[in-house]
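Trainee: I have a new model open and could use a walk through it. Can I show you first?

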Number of protein chains: 2
Amino acid sequence: MTSRKFQQIKLVVLYGTGLALLAFLLHWFEYRFLIMDHSFEVYIGAIALLFTGLGIWLAIKLSKPKVERIILEKKVFIQTSPENFTPDEDNLLILGISKREWEVLQLMAQGLSNQEIANQLFVSINTIKTHSSSLFEKLDVKRRIQAIEKAKNLGLLP
Amino acid sequence: MTSRKFQQIKLVVLYGTGLALLAFLLHWFEYRFLIMDHSFEVYIGAIALLFTGLGIWLAIKLSKPKVERIILEKKVFIQTSPENFTPDEDNLLILGISKREWEVLQLMAQGLSNQEIANQLFVSINTIKTHSSSLFEKLDVKRRIQAIEKAKNLGLLP
DNA sequence: ACTAAAATCACCCGAAAGTATGAGTGGAAA
DNA sequence: TTTCCACTCATACTTTCGGGTGATTTTAGT
């Protein structure tokens, strides 16, 4: 982070110094070849080219690499095993399911009603409803049964 | 592909034209403000700055984005034994579950609502309610989720 | 043909589930 | 510090579920 910033500053300073030096040189040349008055356009053109090149170089040096994200879906076989079950953390992360939501999902899968889940977690039934609603949205389902089914398929539940 | 190349060529041509135009303009200004002889350095500096900017702009325009591939594995469940499932007829008999009730149970397990099941079986929703009620009684459960769970445990559902 | 079980449907009612919206809190990250 | 997010709760409303009751029509079997 800071190292990168320092590098950039260093570059800019270097560039500035170079520019000053070049200006001096050009000025000097101006006096040397004052005779070639008609070569002014060439002179300007050279400067333009030079600084264009410098600009390109600068841009390449300073520009952050553009990042293009490509997300590929890969199919993977899963087998559900009732013993030593561990939830698929990847899918939990991908779907953005929070801890609490997952707890609600678990209790849901045990056939508990919203009220029973609320009692179990020591919260209001309204909270459970909120959780379940966002859960359904994240799982892209309409009912709790579908949510449970999908969760099992995704390895979120045993 | 070719479209991109064409774009680049077009850009270069545009840039060249712009450069020529600018050179002409500068030349003209040179005659207009010949008096301000001492402002030559400023003049050069302006050109340098201008073309540096142009160079940067060019570089940004022409640079290909560096592609960073991020591959996410999306896990897809593939059922272990979806084929050749046969319901446990013994348990169906023992519990006294009728064909129709079992059909309702199946559709229930797919997460369908009573109304949807009714549509599927071309009967009224009231009929489905009757079936589901007697199903719950026979399975000795209170909710459909529990019914599905129990049915799976008894081998009535895959 | 008689009968029992199964299947169909209806109506009502209360409970549960789900939707929509808003809002307060606390902790973590920028 | 501000901003963001998970979590919490509430209110109001709609839909779905499940229980209870009763009724008619098939279907199947001795």
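Trainee: Which exposed residues sit on the face of α6(B) turned away from its buried side?

Mentor: That face carries Asn126(B), Ser133(B) and Glu137(B). A residue is exposed if 12 or fewer other C-beta atoms lie within 10 Å of its own, buried if 20 or more do, and partly exposed in between, with C-beta atoms placed from the backbone. Helices (H or I, at least four residues) and strands (E, at least two) are DSSP runs, numbered from the N terminus.

Trainee: Before I go on, what sort of model is this, and how are things numbered?

Mentor: This is a predicted model, where local features need pLDDT of at least 70, side-chain atom pairs count only at pLDDT 80 or more, and totals for chains, interfaces and linings use all residues. Residues are numbered from 1 along each chain as its sequence is written, while chains are lettered from A and ligands numbered from 1 in the order in which they are written.

Trainee: Back to α6(B), then. Which residues are buried in it?

Mentor: Ile128(B), His131(B), Leu135(B) and Leu139(B). They are on the same side of α6(B), because they cover an arc of only 65° around the axis. The arc is that of the directions from the helix axis to the C-beta atoms.

Trainee: What covers them?

Mentor: The cover includes α3 (89-95), α4, α5 and α7 of chain B. It is judged by contacts, meaning C-beta atoms, placed from the backbone, within 7 Å.

Trainee: How far apart are the end C-alpha atoms of α6(B)?

Mentor: They are 21 Å apart, which agrees with the 21 Å that its 15 residues should span at 1.5 Å a residue. The expected span is 1.5 Å times one less than the number of residues. After the helix comes Asp140(B), with a positive phi near 60°.

Trainee: Switching to chain A. What is its secondary structure?

Mentor: Seven helices and one strand, running α-α-β-α-α-α-α-α from the N terminus on. Of its 158 residues, 18% count as buried.

Trainee: Which residues of α4(A) are buried?

Mentor: Glu101(A), Val104(A), Leu105(A), Met108(A) and Ala109(A). They fall within an arc of 135° seen down the axis, so they line one face of the helix. Those residues pack against α5, α6 and α7 of chain A. Gly111(A), with a positive phi near 85°, follows α4(A).

Trainee: What does Leu105(A) touch?

Mentor: Apart from neighbours within four places in sequence, Leu105(A) is in contact with Leu135(A), Ala147(A), Ala151(A), Leu156(A) and Leu157(A). Leu105(A) is also one of the residues with the most contacts inside the largest nonpolar core, which has 36 residues. Such a core is a set of buried Ala, Val, Leu, Ile, Met, Phe, Trp, Tyr and Cys residues joined through C-beta atoms within 7 Å.

Trainee: And Phe122(A), buried or exposed?

Mentor: Phe122(A) counts as exposed, because it has 7 C-beta neighbours inside 10 Å. It lies in the loop between α5 and α6 of chain A, and its phi is near 60°, a positive value in a residue other than glycine.

Trainee: Where is Asp140(A)?

Mentor: In the loop between α6 and α7 of chain A. Asp140(A) has a positive phi of about 60° although it is not a glycine, and it is exposed, with 10 other C-beta atoms within 10 Å.

Trainee: Now the DNA. Which residues come nearest to strand C?

Mentor: Of the 21 residues around DNA strand C, Ser113(A), Asn114(A), Ser98(B), Val123(B) and Asn126(B) do. Near a strand means that the C-beta atom, placed from the backbone, lies within 6 Å of it.

Trainee: Which helix gives the largest share of that surface?

Mentor: α6(A), with five residues. By class, the surface near DNA strand C has two nonpolar, 12 polar and seven charged residues. Ala, Val, Leu, Ile, Met, Phe, Trp, Tyr, Cys and Pro count as nonpolar, Asp, Glu, Lys and Arg as charged, and the others, Gly among them, as polar.

Trainee: Which residues come nearest to strand D?

Mentor: Of the 21 residues around DNA strand D, those are Ser98(A), Arg100(A), Val123(A), Ser113(B) and Asn114(B). There the largest share, five residues, comes from α6(B).

Note on methods: Two residues are in contact if their C-beta atoms, placed from the backbone, lie within 7 Å.
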